[in-house]
Amino acid sequence: MVAAGARLTYARQPDPLWFSLVLITSVVATVYQLYWDFVKDWGFLNPNSKNPWLRDDLILKSKGIYYVSIALNVILRVAWVETVMRFRIGVFQSRLLDFLLASLEVIRRGHWNFYRLENEHLNNVGKFRAIKTVPLPFREMDSDG
């Protein structure tokens, strides 16, 4: 939220101080988001895993796909740089570039979702957490009395 606020303020007041704040807050936000993607959502970057820097259980046979996916996620997460730098191109190309960036974000989220679901599935199966019913948070009472 701080990074988004800094970007909005920089768009209205384009001076070097706000540009610096935008860069700093955006870099911090991106590093945090990447950490959360890899460690919390995907279960990767485990130095003690039998699969270096991945997780112990993998569904895909090729480990290389996971490493390529990590790199792809980093590249797609850093696409925000264009929104700050605003490369000087024509109006038509600018709208096309905005469309391209939005499309890349849709692809990134679909890509993220695959590994998030894979990790959640492996966690549920591995810890035997798959259940058919969810207990209600209140005690059931007999209607007769």
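What share of the contacts with a separation of 6 or more comes from residues 24 or more positions apart? I looked this up before anything else and found 55%. I note at the outset that the model is predicted.

**Entry 1. Overall composition**

I counted five helices and zero strands in the protein. Reading along the sequence, I recorded the pattern α-α-α-α-α. I then turned to solvent exposure: of the 145 residues, 23% are buried. I obtained an accessible surface of about 10,800 Å² for the protein, and carbon and sulfur atoms account for 66% of that area.

**Entry 2. Annotated segments**

I consulted the UniProt record, an unreviewed entry, which places the feature "transmembrane region" at residues 17-36 and 64-85. I checked the 17-36 span against the model and found 100% helix and 0% strand. Its end C-alpha atoms are 29 Å apart.

**Entry 3. The nonpolar core**

I asked which residues form the largest nonpolar core. I found eight: Leu34, Phe38, Trp42, Phe44, Leu54, Tyr66, Ile70 and Tyr115. Helix H2 (16-41) and helix H3 (63-77) each contribute at least two residues to this core. I followed Leu34 further and listed its contacts, leaving aside residues up to four places away in sequence; Leu34 touches Asn73, Val74 and Arg77.

**Entry 4. Asp37 and its partners**

I recorded a count of seven salt bridges. The general principle is that side chains of opposite charge can pair when their charged atoms come close.

I examined Asp37 and found a salt bridge with Arg77, with 3.0 Å between the closest N and O atoms. Asp37 belongs to helix H2 and Arg77 to helix H3, so this pair ties together parts that are 40 residues apart in sequence. Is Asp37 buried or exposed? I read a relative accessibility of 3% for Asp37, which therefore counts as buried. Arg77, at 16%, also counts as buried, because the cut-off for that class is under 20%.

I found that Asp37 also meets Arg108 in a salt bridge, at 3.9 Å from N to O. This pair links distant parts of the chain, with Arg108 in helix H5 (residues 91-126) and Asp37 in helix H2, 71 residues apart. I read 5% relative accessibility for Arg108, so Arg108 counts as buried.

**Entry 5. A pair within helix H5**

I next inspected Arg109, which forms a salt bridge with Glu105; the closest N and O atoms are 2.7 Å apart. I placed both residues in helix H5, four residues apart, about one turn of the helix. How accessible is each partner? Arg109 has 53% relative accessibility and counts as exposed, while Glu105 has 28% and counts as partly exposed.

I then traced the connections among these charged residues. Asp37, Arg77, Glu105, Arg108 and Arg109 are linked in a network of salt bridges.

**Entry 6. A nonpolar surface patch**

I asked which residues form a nonpolar patch on the surface. I found Tyr32, Tyr35 and Trp36, which together have about 340 Å² of accessible area. I located Tyr32 in helix H2.

**Entry 7. Notes on helix H2**

I collected what I had noted for helix H2. Helix H2 supplies at least two residues of the largest nonpolar core. Helix H2 also holds Asp37, the partner of Arg77 in helix H3 and of Arg108 in helix H5. Tyr32, a member of the surface patch, lies in helix H2 as well.

Technical notes. Residues numbered from 1 in each chain as written. Predicted model: local features only at pLDDT ≥ 70, side-chain atom pairs only at ≥ 80, totals over all residues. Heavy atoms only, no water. UniProt positions renumbered as here; feature names shortened; annotations may be inferred. Core = buried A, V, L, I, M, F, W, Y, C linked by side-chain atoms within 4.5 Å. Buried < 20%, exposed > 50% of the residue type's maximum accessible area, 1.4 Å probe, protein only. Contact = heavy atoms within 4.5 Å. Salt bridge = Lys/Arg side-chain N within 4 Å of Asp/Glu carboxyl O. Patch = residues over 30% accessible without salt bridge, like charges linked within 9 Å, V, L, I, M, F, W, Y side chains within 5 Å. Areas by Shrake-Rupley, 256 points an atom, 1.4 Å probe, with all protein chains shown as cover.
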